[in-house]
Amino acid sequence: MIDSTLFLAELNVVFGDRVSLNEPLARHTTARLGGPADVWLPVNSVNELVQAVTIARRFEIPVFMLGSGANLLIGDGGIRGMVIANRAMHITFPGTDAEAPVVRVESGVILPSLARRCAQRGLSGLEWAVGVPGTIGGAVTNNAGAYGSDMAANLVRAELLSPEGRRVWQPVGWFEYGYRSSRLKRESRTWIVLQAELLLAWEPVTRIVAQLNAFNERRKSTQPPGATMGSMFKNPPDDFAGRLIDAAGLKGTQVGQAQVSPLHANFFQNLGDATAADMLALIRLVQAEVQKKFEVTLELEIEVVGEFN
Ligand SMILES: Cc1cc2nc3c(=O)[nH]c(=O)nc-3n(C[C@H](O)[C@H](O)[C@H](O)COP(=O)(O)OP(=O)(O)OC[C@H]3O[C@@H](n4cnc5c(N)ncnc54)[C@H](O)[C@@H]3O)c2cc1C
């Protein structure tokens, strides 16, 4: 637990009773795993986000940005410092006369809901995102993607808070995007995504909605429901992580209540009472078996953060 009475006092002045201590992060991750955040603060706008990070940095308190926690395995010991829950959700849609329509979104906007809202307005380009849980901040960081498209294909530029505390717009090239990788991911926790501009295209609503529904159906038939983090490992070149795990005979393997999904081997589920330590042990077991059987090193797609006791 951090000992900074002055830090908490200042946070309380600005954010009142939204500041809380020891918030269980399992409530805020899709895998339902993760111990407490020392300090927990939901922010409702980009300006609040900047203000919160600026105060924490002044007191040298580490900041962890949490989107929907859809790509995270947070340790049972939780996260030291302040966890900011990003609820900055303002969206500015382009006028109907815009030739190259650009939508501006704050970084707490939820990607699937943005995809649906764009579809209703005849804005095409985010159909791939309809089943990708998470915020714009998480997607810009991870270069989230599906069905042959990704954030890199839509992003024009994003506004960031720099490590020195300046607000700067960076063009898509700055992010050095690759397959689920980015400069932000490599320089982890130094830049904060505030908002983004995404380039879309006008299309008939019926056509966009049909594509959204088709992608949704495809997901429902191939991916397990329940408490997961999506794909656990990146696909190795010319192969699929799920195929390798399945071929190693590991579908359904359990450590405690953490299980390799019997439906899709690259999805690991919390069956209800798993710990983050169970999940990490299962990850290590699968990596070791696949390495032994096929001499392939499976690289994590999810991020492991926080304290594991
Ligand atoms: C059922 C399921 C299906 C999934 N399918 C897909 C898929 O098809 N394709 C895919 O790419 N992913 C998929 N995922 C993973 C997940 O949806 C993406 O990785 C998503 O981009 C995570 O966003 P988030 O807001 O939850 O980020 P979080 O998990 O909360 O955070 C991820 C990282 O981003 C950082 N971060 C978050 N917000 C900010 C910010 N504003 N500024 C700076 N850093 C920030 C965090 O600190 C952390 O390092 C799936 C997950 C689930 C549970």
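Okay, let's start with Phe233, which sits in the loop between helix H7 (205-222) and helix H8 (241-247). Keep in mind that what we have here is a predicted model. Is Phe233 buried or exposed? Phe233 has 24 C-beta neighbours inside 10 Å, and the cut-off for buried is 20 or more, so Phe233 counts as buried. Who are its partners? If we skip residues up to four places away in sequence, Phe233 touches Ala241, Asn266, Leu298, Glu299, Leu300 and Glu301. And here's a distance you can check on the screen: Phe233 and Ala210 are 23 residues apart along the chain, and their C-alpha atoms are separated by 30 Å.

Right, let's zoom out to the domains. The domain assignment of this protein lists domain 1 (5-86), domain 2 (91-222) and domain 3 (241-305). Take the first two on that list: the C-alpha centres of domain 1 and domain 2 are 24 Å apart. Their contact uses 13 residues from domain 1 and 16 residues from domain 2. Which element gives the largest share on the domain 1 side? That's helix H2, residues 46-58, with six residues. As for what that side of domain 1 is made of, we get six nonpolar residues, six polar ones and one charged.

Now, the ligand. Where does it lie? Domain 1 and domain 2 both give residues to the shell around the ligand, so the ligand lies between them. There are 31 residues around the ligand, and the ones that come nearest are Gly67, Gly134, Gly137, Gly138 and Gly230. Yes, you heard that correctly, every name I just read out is a Gly. By type, the shell splits into 13 nonpolar, 16 polar and two charged residues. Several elements supply at least two shell residues each: strand E3 (63-66), helix H4 (136-142), strand E9 (145-146) and strand E13 (192-199). Which of the elements gives the most to the shell? It's H4, with five residues.

Let's move to helix H3, because I like how it shows a buried side. H3 covers residues 111-120, and Leu111, Leu114, Ala115, Cys118 and Ala119 are its buried residues. If you look down the axis of H3, those buried residues fall within an arc of 135°, so they line one face of the helix. What does that face pack against? The buried residues of H3 pack against strand E6 (91-92), strand E7 (102-106), strand E8 (123-124), H4 and H7. After H3 comes Gly122, and its phi is positive, near 80°.

Let me pick one residue out of that helix. Leu114, in H3, has 22 C-beta neighbours inside 10 Å, which is why Leu114 counts as buried. Leaving out neighbours within four places in sequence, Leu114 is in contact with Ile91, Val105, Val109 and Leu126. For another distance to try on the model, the C-alpha atoms of Leu114 and Gly125 are separated by 11 Å, and the two residues are 11 apart along the chain.

On to strands. Strand E11 (residues 155-161) and strand E12 (residues 167-171) pair in the antiparallel sense, with five bridges. Together E11 and E12 make a hairpin with five residues between them, and Gly165 in the turn has a positive phi of about 90°. Which residue of E12 is the bridge partner of Ala158? That would be Gln170. Glu159, meanwhile, stands opposite Trp169 in E12.

E11 also pairs with another strand: six bridges join E11 to E13, and they run antiparallel. In E13, Leu198 is the bridge partner of Leu155. So how covered is E11? Mostly covered, with five of its seven residues buried. A quick textbook reminder while we're on strands: in a regular strand, side chains alternate between the two faces of the sheet.

Last stop, a small sheet. It's an open one with three strands in the order E15-E16-E17, paired antiparallel. Strand E15 (254-255) and strand E17 (268-270) are the edge strands, each pairing on one side only. Strand E16 (residues 258-260) pairs with E17 over three bridges. In E17, the bridge partner of Val260 is Phe268.

That's my tour, thanks for listening!

Key:
Residues numbered from 1 in each chain as written. Predicted model: local features only at pLDDT ≥ 70, side-chain atom pairs only at ≥ 80, totals over all residues. Near = placed C-beta within 6 Å. Helix = DSSP H or I, 4+ residues; strand = E, 2+ residues; numbered from the N terminus. Nonpolar A, V, L, I, M, F, W, Y, C, P; charged D, E, K, R; others polar. Domains from an automatic or database assignment. Buried ≥ 20, exposed ≤ 12 C-beta atoms within 10 Å, placed from the backbone. Arc of directions from axis to C-beta. Contact = placed C-beta atoms within 7 Å. Pairing = 2+ DSSP bridges.
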